[in-house]
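This report describes the empty spaces, ring contacts and backbone features of one protein model. The structure is shown first, and the description follows.

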Amino acid sequence: MVGDVETVALASIAAGETELDRFDALWWHAYEPVGDPATVADCAEPIRAFLADGGGLFCSARALAQVSALGIDPVPPDATGTEEVADPVGPLWHPLYEGHPAVDGLDGLRHHIRPAGSTAPYARYEDVLPENADVLASTYRGVEDVPSEVTVLQWRVGSGTVIGVGVGMEFAQHDDATTEATRERFAADVVRWLAGDSEYDTALATGRPKSGRELERHRDALSGDRDRPAYHVTPPANWLNDPNGMIHHDGTYHLFYQYNPAGPYHGAVHWGHAVSEDLVRWEDRPVAMSPDPSGPDRDGCWSGCAVAVDAIEGDGGTGRVVPAGDDADAPIAADDADSPVAAGDADAVYALYTGGRDGWQRPCLATATDDDLTRFEPDPANPVIRSPPTELDLLSTAGEPAHFRDHCLWYEDGRWHQLIGAGLQDRGGAAVLYTSRDLREWTYEGPALVTEEADPGVVWECPELLRFADGDLLHVSDYEDVRYFLGAFDAEAGRFRVQDRGILDPGAFYAPQSLAAPDGRTITIGWLREERSAASGWDAGWSGAMSLPREIAVVDGELRQRPVEAVERLRETRLVDDRLTVGATPERLDATGETFELRARLDPDDAPGSAVAFRVRESPDGAERTTVRVGSDRVVVDRSESSLDRDARDAPVGVTVDDLERPLDVRVFVDASVLELFVNGRRALATRIYPTRHDATGISVVADDDGGERTRTDPAGRSDAGATGTSNDDPACVDVDVSMWRMEGAWPAVGGGSRRDDPR
């Protein structure tokens, strides 16, 4: 199968009696627990020397648990033992490494290599990740993906390679022909590759931590995915969720985000990092914060914020910190807190984040190690708040003793103020207030705001307070929506007084965070969650996107949201600039696209009872299309025909516009699977669509009834037989000014300084 094989005892290697350099590769398959850890430790030096010279090592079953003892990785698997195999099991292969020699000749990403009906050992990473390995595969059990069980990994050690496979493969038994053949092929592929019989471009699998250049290679490898946005922020690969630590520092905008380097699933979160000089063209940077296997953030560095500070030496040797560049005694509004920072003049940049361990969520502090914010070191005193306030009856659920997480930080009245999101047992969401002089010693001040109506089981995540001249804005994320409250924060009482409330964005927008731009604007970005199956995200190799940067403000007591002006710099080619008279017959625009901006100015009141429907990502036969219906009362995104993939969500989403001045100015940004719209610089909506057809690139416009229930017509104006309708009268015509631009991509080309244009 793999050529000549010789069995060597570990004790012989430890004693120096075996010359390893005469072997092409080593395979350690440990089915039983290791009985002599000292012998394993004594093997570490000769095995590492073998690897450094270009050798290969295959650690399977329980041998994977010994990577720390061998000096290959400081973090060993956190889950080892024996389990009953009720369903066949094997690797759930990462699509980024689909061409890896270990799966040569195996079709697809899901493979069974262990049969059902047996007892087997296992070694895998579940709550933690190795420090230095690439994750090649997780677990495929029966017909279920289990991405959180990481079982196949690759290390680069010097010029050599280590492959670890934690599934308890057994070769003596016979089982069904498919599983046996897959196991034999997989094991032989691994050994042959490690022995040098197969070539593989290691540009993607280089070990961790990844450089920015290596992350660009990941991004480039996935660039052919037609669902992957081109001008919205996405992870280079794997998982992205909440924006974190947003700050403008040293002339650069920094966006950190929840990132899982193991795969496109939520778990083992690190802080990913992207930077921009203008908020629209971005570059990947190495992971800035990683869980400490021995610290309070072992299970994840969860959401938080960042601030630039100066240290002040107080009376009696006591110290405190203030926003960098500010008068220590001046109250600082949250939206102005870092605008005076002259970059490197700050004494430090701190990140305040939630550390997770064993289900507990505790506030932690970290310090940037350089002015480029490339890495944050955790504070030795972590956690800075050791336990939640005993005065509150916090929500407790399985695996999470107290829901108490996510942070907002600002300086006012000579003190730092911190909001932490929480859930109250039998009550619902709350934003809890603490104060501090030095960001390390915190005093509990009580709840700043609690849900008015009981909403048991709900947690208010990612609270953020923004201060504006015309009123204060507090928003929270409640698992489904981003709720906002307008009013006033009373710093003396530590309470937020609510005057109005609503939903910030009723679409896929979640967990937004803001920063202060140098010119005083407040810029916010939110996570756009996926609205397709988890399996689809795994197969794509990435999950999650960020919204376009939005300028957010409270003016005359009203919330306003609009895309930052810099977005217009991404306009590459004007495709349409026309004035149309839109009636009942659909009119196809002389343009196609998957990444574009469409802008329309119209007054839907010109035709009472009618709406103007823009159909985007439309196939020629109308089988797939997404309709943006602009009516007098609402702008609705109708996703009922967006995708032939039944796993994609298709519920309509919309915003009210009946109170907005006319004409309406509607901006629709389509970027592959992202659709984001803004109306009059007031309302915003972001959602996700997943067309399956390569010809779903058309754009047409038609007037229909305001409810949208009418006989459906194809782009040529023919009625769909069997379609239902409620109106026999053609809607009146509406004059519409329409502009459309093809948009450039936001990410640089691999190996070059120029932007990569959208190839679609």
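The largest pocket encloses about 1100 Å³ of space. A pocket is here an open set of points on a 1 Å grid over the protein atoms alone, with protein on both sides within 12 Å along at least five of seven lines; a cavity is a set of points where a 1.4 Å probe fits but cannot get out, and lining residues have an atom within 4 Å of a point. Grid points are joined across faces, edges and corners, and a volume is the space filled by probe spheres set on the points. The model is predicted: local features need pLDDT of at least 70 and side-chain atom pairs count only at pLDDT 80 or more, while totals for chains, interfaces and linings use all residues. Residues are numbered from 1 along each chain as its sequence is written, and side-chain values use heavy atoms, with hydrogens and water left out.

Of the 44 residues that line the largest pocket, Trp239, Asn241, His266, Gly267 and Trp302 lie nearest its centre. Elements that give two or more residues to this lining include strand S10 (238-249), strand S14 (300-313), strand S23 (461-468) and helix H5 (534-540). Helices (H or I, at least four residues) and strands (E, at least two) are DSSP runs, numbered from the N terminus. H5 gives the most to the lining, with four residues. By class, the lining of the largest pocket has 15 nonpolar, 15 polar and 14 charged residues; Ala, Val, Leu, Ile, Met, Phe, Trp, Tyr, Cys and Pro count as nonpolar, Asp, Glu, Lys and Arg as charged, and the others, Gly among them, as polar.

As for enclosed space, a search of the whole structure finds four cavities of 30 Å³ or more. The second largest cavity has a volume of about 70 Å³. It is lined by 15 residues, and those closest to its centre are Glu83, Val89, Tyr122, Arg124 and Val167. At least two lining residues come from each of strand S3 (79-85), strand S5 (118-124) and strand S6 (134-141), and S5 gives the most, with four residues. Six residues of this lining are nonpolar, four polar and five charged.

The structure also holds 16 aromatic pairs. Rings of Phe, Tyr and Trp (its six-membered ring) pair if their centres lie within 6.5 Å; planes under 30 degrees apart count as stacked, over 60 as edge-to-face and the rest as tilted. Two of the pairs are set out below.

| Pair | Centre to centre | Angle between planes | Class |
|---|---|---|---|
| Trp271 and Phe376 | 6.3 Å | 65° | edge-to-face |
| Trp410 and Phe489 | 5.3 Å | 85° | edge-to-face |

Because Trp271 lies in strand S12 (residues 270-276) and Phe376 in strand S18 (residues 376-378), their pair ties together parts that are 105 residues apart in sequence. Trp271 is buried, with a relative accessible area of 0%, and Phe376 counts as buried at 3%; buried means under 20% relative accessible area, exposed over 50% and partly exposed in between (1.4 Å probe, protein chains only). Both residues belong to one aromatic cluster with Phe256 and Tyr353. Trp410, in strand S19 (residues 404-412), and Phe489, in strand S25 (residues 482-490), likewise form a pair that ties together parts 79 residues apart in sequence. Trp410 is buried at 1% relative accessibility, and Phe489 is buried at 7%.

Charged groups also sit over rings, a relation that requires NZ of Lys or CZ of Arg within 6 Å of the ring centre and within 35 degrees of the ring normal. Arg219 lies over the face of Trp747, at 3.5 Å from the ring centre, and Arg571 lies over the face of Trp741, at 3.7 Å. Arg219 is one of the buried residues of helix H4 (residues 212-221). The buried residues of H4 pack against strand S11 (252-260) and strand S13 (282-289), where contact means heavy atoms within 4.5 Å.

The backbone has further features to note. A cis peptide bond joins Asn382 and Pro383, with omega about -5°, and Pro383 lies in the loop between S18 and S19. Another cis peptide bond joins Arg662 and Pro663, with omega about 0°. Leu373 is not a glycine, yet it has a positive phi of about 55°; this residue is found in the loop between S17 and S18 and is buried at 0% relative accessibility.
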